[in-house]
Amino acid sequence: MPDNYYLDNFNTLVEFVAEHYWQLLNNEEQSFYRRYQSLDTPAQRLYIRLLSRRKSLFRQSKLHYEEIGHLDQAAIRLEQAGLVAIDPQLDIETLLQLFTRTDIQHALGVKSQSGRRAQLQQAISQHPQALAKLRRHERIIAVLEQQNFTVFRLLFFGNLYQDLTAFVLRDLGLQRYEPYRIDTDTLPFRSRSQLDKHLHYYACRELFDTAAAQGTTALLALNEQLPEPAADDHALQRRTEKLALAIARQLEREQANDEALSIYRQIVRAPARERLTRLLAKAGDTSAALALCTQIIEAPTCSEEFQFAAQFGQRLAKKNKMPWQGQATPTAPATTTITLPQTERSVELTAAAHFQQWGQCYYVENALITGVLGLAIWDIVFAAMQGAFYHPFQNSPADFNDPDFRVARQHLLLKRFAELENGALPGLVADNWQNKFGITNPLVSWRHLNIEVLELAIDKIPLNDWLALFEYLLQDLRNHRNGLPDLIFFPASGGYQLIEVKGPGDRLQNNQRRWMAQFNASGINHSVVNVEWESTVTAHA
DNA sequence: GTTGGGATTG
DNA sequence: GAATGTGTGTCTCAATCCCAACTT
DNA sequence: TGACACACATTCAA
Ligand SMILES: [Mn+2]
Ligand SMILES: [Mn+2]
């Protein structure tokens with residue numbers, strides 16, 4: 001790694017933002033950028049070093065950065081630029097965070113092994129002389145204006161969960177990204193108010209845990225604070241709705257059902273209507289609950305919601321002797337029970353080893369089917385679309401989880417499906433396995449795949465089955481990429497079977513049932529295998 | 001004296 | 001035995017250091 | 001730092 005790596009990375013980030021988003025920056029942020037630019041290199045380095053760490057307060061004696069040289073001078077220039085404070089006023093609690101338990105014992109003149117940290121802190125708080133002794137000969141540096149860098153990060157990445165480590169991981173080869181072209185003409189932020197709303201959202205999210213611990217009033221106050229995203233800002237809509245759903249769910253736990261209900265009423269995103277239905281039913285408003293079920297069935301936002309409404313509606317109607325349209329027809333999958341000696345390994349691997357007797361069996365869960373789709377449509381996932389790629393560290397296009405991902409790429413997908421029908425699948429999978437290996441892709445989990453199971457699967461699974469599986473996945477990439485069976489079994493006698501393993505006490509989950517309904521519709525061979533452990537007690541008896 | 005959870009680093 | 005809610009573990013980037021708990 | 005699947009407890013109905 002070059003000596004300047006973190007300086008270069010930081011500069012790349014802030015210069016991109018300054019170039020493309022200067023008009024969105026307020027005076028403070030513009031000043032922040034100018035003041036940073038006016039620093040000499042050692043001061044810039046020190047600032048970035050401090051900015052990259054989790055805490056904002058440091059004892060200078062604990063900082064060891066050979067490449068910076070004299071920290072004293074760098075720190076003073078940063079102070080002159082207003083980017084750090086030296087020896088700031090601190091309350092006792094904050095000050096003590098900077099020192100170890102041993103430091104505090106020494107200042108108090110106590111022997112080691114004398115109490116926990118909390119007790120020592122309590123003790124030293126009463127002794128001004130000991131506190132003064134702690135701080136004597138120490139220069140304390142507080143890094144300032146972190147929030148301004150946070151704004152730059154948000155503008156660059158479009159989120160706050162990525163940071164400068166993304167550059168390092170890429171440069172070390174630990175994360176590889178598809179070399180897509182960045183669409184600098186259509187960047188995600190268009191206005192200051194949009195940016196402010198995003199920042200506001202993150203501020204709210206940071207408050208959530210505290211509010212949840214405080215209870216109903218704090219949760220309701222937080223909900224009031226949530227920003228109102230612009231109609232075309234899908235990213236922020238998704239985030240605020242998820243946070244509102246979390247708030248409402250927590251309100252339910254606090255028994256504040258009416259308050260939760262009124263939040264759910266404002267949200268369509270799942271599982272808002274499901275929660276709403278449950279609350280209405282619990283409150284005894286059966287007809288409203290049933291009406292909502294009907295509404296969901298007519299226009300479901302996802303398969304899970306549809307399945308819920310069909311089952312819950314039927315049950316609720318039956319219980320209350322109310323009329324109900326439609327019969328849920330749960331088809332039980334073929335189920336067998338096998339008894340195996342318990343092993344150190346997981347029940348899935350143990351079962352796979354068992355089936356290995358009759359052919360070849362792999363523990364793949366979601367990785368195989370979604371992975372093959374990912375390899376089959378690799379170029380479409382990363383196709384240049386307006387606004388899809390706006391920084392170099394994306395694992396997927398910006399709209400990957402939106403329903404319109406498919407709509408926007410429909411012509412490409414139709415063409416690809418035609419190619420698949422003409423036998424393109426084996427070639428696409430082999431080529432992309434070869435050419436793209438290790439590159440991050442939202443559908444491909446390289447670690448859980450190997451070329452053997454891929455080749456076997458391509459060989460043994462008929463094309464029509466693949467097309468049916470792909471179709472269901474593409475209907476809702478976000479929600480249909482889980483729930484696939486644990487094992488794929490290729491019997492020596494030919495064909496294949498998808499097997500969901502269930503250990504003692506485990507039962508089919510709803511997403512697994514939904515996949516099995518698809519398997520049924522497409523005639524795909526599948527089963528549930530219940531594993532029981534050979535009891536050593538029984539064996540001896 | 002060990003260990004387990006972190007923060008930091010590249 | 002279903003339905004429902006909640007808790008847990010496993011992926012982790014890997015090597016190193018620090019620190020505060022303890023016969024884990 | 002979530003997503004995902006599983007483990008476990010409680011409740012309720014037949
Ligand atoms: Mn599984
Ligand atoms: Mn299973």
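**A three-stranded sheet and one cavity**

In this predicted model, strand β1 pairs with strand β3 (residues 140–143) in the antiparallel sense, and 3 bridges join the two. Within this pairing, Leu57 stands opposite Ala142 of β3. It helps to recall here that the strands of a sheet pair through backbone hydrogen bonds, in either a parallel or an antiparallel way.

Stepping back to the whole sheet, 3 strands take part, and their order is β1-β3-β2. The sheet is open, with antiparallel pairing. Its edges are formed by β1 (57–59) and β2 (84–86), each of which pairs on one side only. From one strand to the next, the twist averages 25°. A helix joins the picture as well: α4, made of residues 71–80, lies across β2 and β3. Relative to β2, helix α4 runs at about 115°.

Attention now turns to empty space inside the model. Rolling a probe the size of a water molecule over the atoms shows where such space is left. A search of the whole structure finds 1 cavity of 30 Å³ or more, and the space in the largest cavity comes to about 30 Å³. The residues lining the largest cavity are Tyr472, Asn479, His480, Asn482, Asn511, Arg514 and Trp515. Two elements, α26 (477–480) and α27 (510–522), each give two or more residues to this lining. Of the elements, α27 gives the most, with 3 residues. Sorted by class, the lining of the largest cavity holds 4 polar residues, 2 nonpolar residues and 1 charged residue.

Methods. Residues numbered from 1 in each chain as written. Chains lettered and ligands numbered in written order. Predicted model: local features only at pLDDT ≥ 70, side-chain atom pairs only at ≥ 80, totals over all residues. Heavy atoms only, no water. 1 Å grid on protein atoms, 1.4 Å probe; cavity = no way out; pocket = protein on both sides within 12 Å on 5 of 7 lines; lining within 4 Å. Points joined across faces, edges and corners; volume = space filled by probe spheres on them. Helix = DSSP H or I, 4+ residues; strand = E, 2+ residues; numbered from the N terminus. Nonpolar A, V, L, I, M, F, W, Y, C, P; charged D, E, K, R; others polar. Pairing = 2+ DSSP bridges. Axes fitted to C-alpha atoms, helices over the stretch in contact; angles between N-to-C directions. Contact = heavy atoms within 4.5 Å.
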